[in-house]
Amino acid sequence: MTVIGGPSLPQERRLITSIPGPVSQAIQARKVAAVAQGVGTMLPVYVVAAGGGVLVDADGNSLIDFGSGIAVSTVGNSATGVVSAVTDQVQAFTHTCFMITPYDGYVAVAETLNRITPGDHDKRSVLFNSGAEAVENAVKIARAFTRKQAVVTFDHAYHGRTNLTMAMTAKNMPYKSGFGPLAPEVYRAPLSYPFRDGGLDGVTAARRAIDVIETQVGAANLAALVIEPIQGEGGFIVPADGFLPTLVEWCRANNVVFVADEVQTGFARTGAMFACEHEGVVPDLIVTAKGIAGGLPLSAVTGRAEIMDAPHVGGLGGTYGGNPIACAAALAVVETIEREGLVDRARAIEETMLKRLTALQAEDNRIGDIRGRGAMMAVELVVPGTTDPDADLTKRIAAAAHAQGLVVLTCGTHGNVLRFLPPLSIPDNLLHEGLDVLSQTFRETR
Ligand code: PLZ
């Protein structure tokens, strides 16, 4: 039997069993016996259909989605344009390998990325499968261009789980512990984190980072500075105004490639097509993935033509990079974002969320900070009257929300941040209902 998901699914929260229900529990038992335990499952409801703002599970429960599969289904699950583009492509051909016998879709995605990413300079793009793979390739490209080796990333950074990106990621557990040796020539600089650095202004925070880089690495050795314009896994940390532009300026003056990792922030998520735009920052290279293809695996590096063309012919690639089905999906995703005005939709979601979360904070002193942009919002939970992280409370609130049919995710170096990443296709009534459930959960969880 074919189960139809997508935007026509009833847009309602519907709980007909406890969460997870018996069918999901039975599949979870098979998961435990068949899948390596290293792969965790945050909320083991087994999904059979999804679309708009809901996930429907194998027991028939319909949950409100405030996660978008970690910021991936930005245009909504099984969005109409994506389904039809993918269906057409599957029927035409599924794979040839772009490095062997190429096809137009790859070129069209590159043209689209060159058009929509920040800056009107001459650009080139290259396609891969995962965010981590694209980050690794951005580093390869920057090294080839500068003929230097060192890479600087930041406190609380997340860039992936492969060997190089694991070294670039800040947090030890669960990402790095026991998996060394890690890649060399990766250095870490301090971030701008307004809630935790006493409100240091952005320029001062950037100077502090630059001082660490100059004294501990040296611009003469530094190929690339890689940063998420809003940190994702690290806690949805929005740096103070001026932090990013000051770093860009220093990079330009020192022949260091400025790489924006927009894997989580990209494609309308933050109320701009890319988060760099909020600060008028034009990165040398921009790394994209997640929201790019509506759930099909695709990632990219886009940037200045002279940097992108530094690696020799044949130096970049991979069997599946820019797979034709993923490319068809990506073209439909960008078309959907532009046609449906989803950048504005993300701003409207921010406005609604900010209002509701601010009201919640006024009655609950365990919410230390509210932050984020667009449909990428979060609250940081602390012991009242302090900035001490309360990871245990965060876990309990997330679990209570899950039990009520609201999918929320946690993040943060200290595990004390609740994050909200609804698909931009979520209808207003469900957005409000999700926030009602969240408020109720805060009231009931002590
Ligand atoms: N850069 C900024 O957010 C992926 C990771 C989930 P991949 N974030 C979700 C997990 O626990 O594995 C991410 C990101 C940023 C890079 C990546 C890596 O993207 O597609 O997961 O490789």
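## Ligand contacts

In this predicted model, a polar side-chain atom of Glu233 lies 3.4 Å from a nitrogen atom of the ligand. Considered alone, the ligand exposes 510 Å², and the protein buries 81% of that area.

Oxygen atoms of the ligand are also approached by polar side-chain atoms. One such atom belongs to Arg161, at 2.7 Å from a ligand oxygen; another belongs to Tyr158, at 3.2 Å from a ligand oxygen.

## The shell around the ligand

There are 15 residues around the ligand. Those that come nearest are Gly131, Ala132, Arg161, Asp261 and Gln264. Arg161 is thus named among the nearest residues and also places a polar side-chain atom 2.7 Å from a ligand oxygen.

By residue class, the shell divides into five nonpolar, five polar and five charged residues.

## The second largest pocket

The second largest pocket of the model has a volume of about 220 Å³. Its lining consists of Arg124, Ser125 and Val126, together with Met308, Asp309, Pro311, His312, Val313, Gly314, Gly315 and Leu316.

Which strand gives the most to the lining of this pocket? Strand E4, which covers residues 123-128, does so with three residues. The lining of the second largest pocket comprises five nonpolar, four polar and two charged residues.

Terms used:
Residues are numbered from 1 along each chain as its sequence is written. This is a predicted model: local features need pLDDT of at least 70, side-chain atom pairs count only at pLDDT 80 or more; totals for chains, interfaces and linings use all residues. Side-chain values use heavy atoms; hydrogens and water are left out. On a 1 Å grid over the protein atoms alone, a cavity is a set of points where a 1.4 Å probe fits but cannot get out, and a pocket is an open set with protein on both sides within 12 Å along at least five of seven lines; lining residues have an atom within 4 Å of a point. Grid points are joined across faces, edges and corners, and a volume is the space filled by probe spheres set on the points. Helices (H or I, at least four residues) and strands (E, at least two) are DSSP runs, numbered from the N terminus. Ala, Val, Leu, Ile, Met, Phe, Trp, Tyr, Cys and Pro count as nonpolar, Asp, Glu, Lys and Arg as charged, and the others, Gly among them, as polar. A residue is near a molecule or strand if one of its heavy atoms lies within 4 Å of it. A polar contact is a pair of N or O atoms within 3.5 Å; within protein, one must be able to donate a hydrogen and the other to accept it, and residues adjacent in sequence count only if both atoms are side-chain atoms. Accessible areas come from the Shrake-Rupley method with a 1.4 Å probe; for residues, only the protein chains shown count as cover.
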